[in-house]
Amino acid sequence: MPVAIKVIQPDRSANVSPERKEKFQREVLLLSKVKHDNIVKFIGASMEPALMLVTELMSGGTLQKYLWSIRPHCPDLKLSLSFALGISRAMEYLHAIGIIHRDLKPSNSLPIS
C-alpha cells in the first residue's frame, strides 16, 4: 500500500532534544486517536533514523496547489461549498474530541469533495 512519509526532524533522532522527542510522542498519540473520513489516516511513526509520520497517501496535492492551478479562475460555488463542508466536518470532529488544529490553511488541506 502506498503511503506518505513526513520527515519531522531530518536530523538523526540522537541529535533531537528530549523536549522535541516528547512533543513528537504526544503528537503521535494524538494522531493515533483521530479517525474521520475527512482527515488523512494515520498509519504509524518512527523515531529512528529520524522523526517521521506515516499516513495514507492522498495523491493530487493540497488545496493551495489546486487553487493556484486554476488561477485566475475560482472554483465554482458547488465545489467551493463541498470543500468548505469537508473541512468543517473535520474541524467539528476534532473540536468534539478536544483537539484544536491551530494551523488550518489551504496548504494543510486536501481538495477532496
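This report describes the fold, domains, main pocket and some local features of one protein model.

**Overall layout**

The model is predicted, not determined by experiment. Its secondary structure comes to three helices and three strands. Read from the start of the sequence to its end, these elements follow the pattern β-α-β-β-α-α. Along the principal axes, the C-alpha atoms fill a box of roughly 50 × 30 × 30 Å.

**Two domains**

The domain assignment divides the protein into domain 1 (1-57) and domain 2 (58-112). Their centres, taken over C-alpha atoms, are separated by 21 Å. Ten residues from domain 1 and ten residues from domain 2 take part in the contact.

The size of an interface is often given as the accessible area lost when the parts come together. For domain 1 and domain 2, the buried area is about 780 Å², and 73% of it is on carbon and sulfur atoms. On the side of domain 1, His36, Asn38 and Leu57 supply 46% of the area buried against domain 2, more than any other three residues.

**Salt bridges**

Side chains of opposite charge can pair when their charged atoms come close. How many salt bridges are there between domain 1 and domain 2? The count between these two domains is zero. In the protein, the count comes to three salt bridges. One pair is Arg26 and Glu22, whose closest N and O atoms are 3.1 Å apart. Arg26 and Glu22 are four residues apart in helix α1, so about one helical turn separates them.

**The largest pocket**

Rolling a probe the size of a water molecule over the atoms shows where empty space is left. The largest pocket has a volume of about 1600 Å³. Its lining is made up of 41 residues, and Lys6, Leu31, Ile39, His101 and Asn108 lie nearest the centre of the pocket. Four elements give two or more residues to this lining: β1 (3-9), α1 (18-33), β3 (51-56) and α3 (77-96). Which element gives the most to the lining? Helix α3 does, with seven residues.

Sorted by class, the lining of the largest pocket has 22 nonpolar residues, along with nine polar and ten charged ones. Both domains take part, since the lining draws at least three residues from each of domain 1 (1-57) and domain 2 (58-112).

**Unusual backbone geometry**

Most residues other than glycine have a negative phi, and most peptide bonds are trans. The model has exceptions of both kinds. Two cis peptide bonds are listed in the table.

| Residues joined by a cis peptide bond | Omega |
|---|---|
| Glu48 and Pro49 | about 5° |
| Arg71 and Pro72 | about 5° |

Where in the fold do Pro49 and Pro72 lie? Pro49 is found in the loop between β2 (42-46) and β3. Pro72 has its place in the loop between α2 (63-69) and α3.

The other exception concerns phi. Arg102 is a residue other than glycine with a positive phi, near 70°. Arg102 lies in the segment after α3.

Methods:
Residues are numbered from 1 along each chain as its sequence is written. This is a predicted model: local features need pLDDT of at least 70, side-chain atom pairs count only at pLDDT 80 or more; totals for chains, interfaces and linings use all residues. Side-chain values use heavy atoms; hydrogens and water are left out. On a 1 Å grid over the protein atoms alone, a cavity is a set of points where a 1.4 Å probe fits but cannot get out, and a pocket is an open set with protein on both sides within 12 Å along at least five of seven lines; lining residues have an atom within 4 Å of a point. Grid points are joined across faces, edges and corners, and a volume is the space filled by probe spheres set on the points. Ala, Val, Leu, Ile, Met, Phe, Trp, Tyr, Cys and Pro count as nonpolar, Asp, Glu, Lys and Arg as charged, and the others, Gly among them, as polar. Domain bounds come from an automatic or database domain assignment. Contact means heavy atoms within 4.5 Å. Buried area is the accessible area (1.4 Å probe) that two parts lose on being put together, summed over both. A salt bridge is a side-chain nitrogen of Lys or Arg within 4 Å of a carboxyl oxygen of Asp or Glu.
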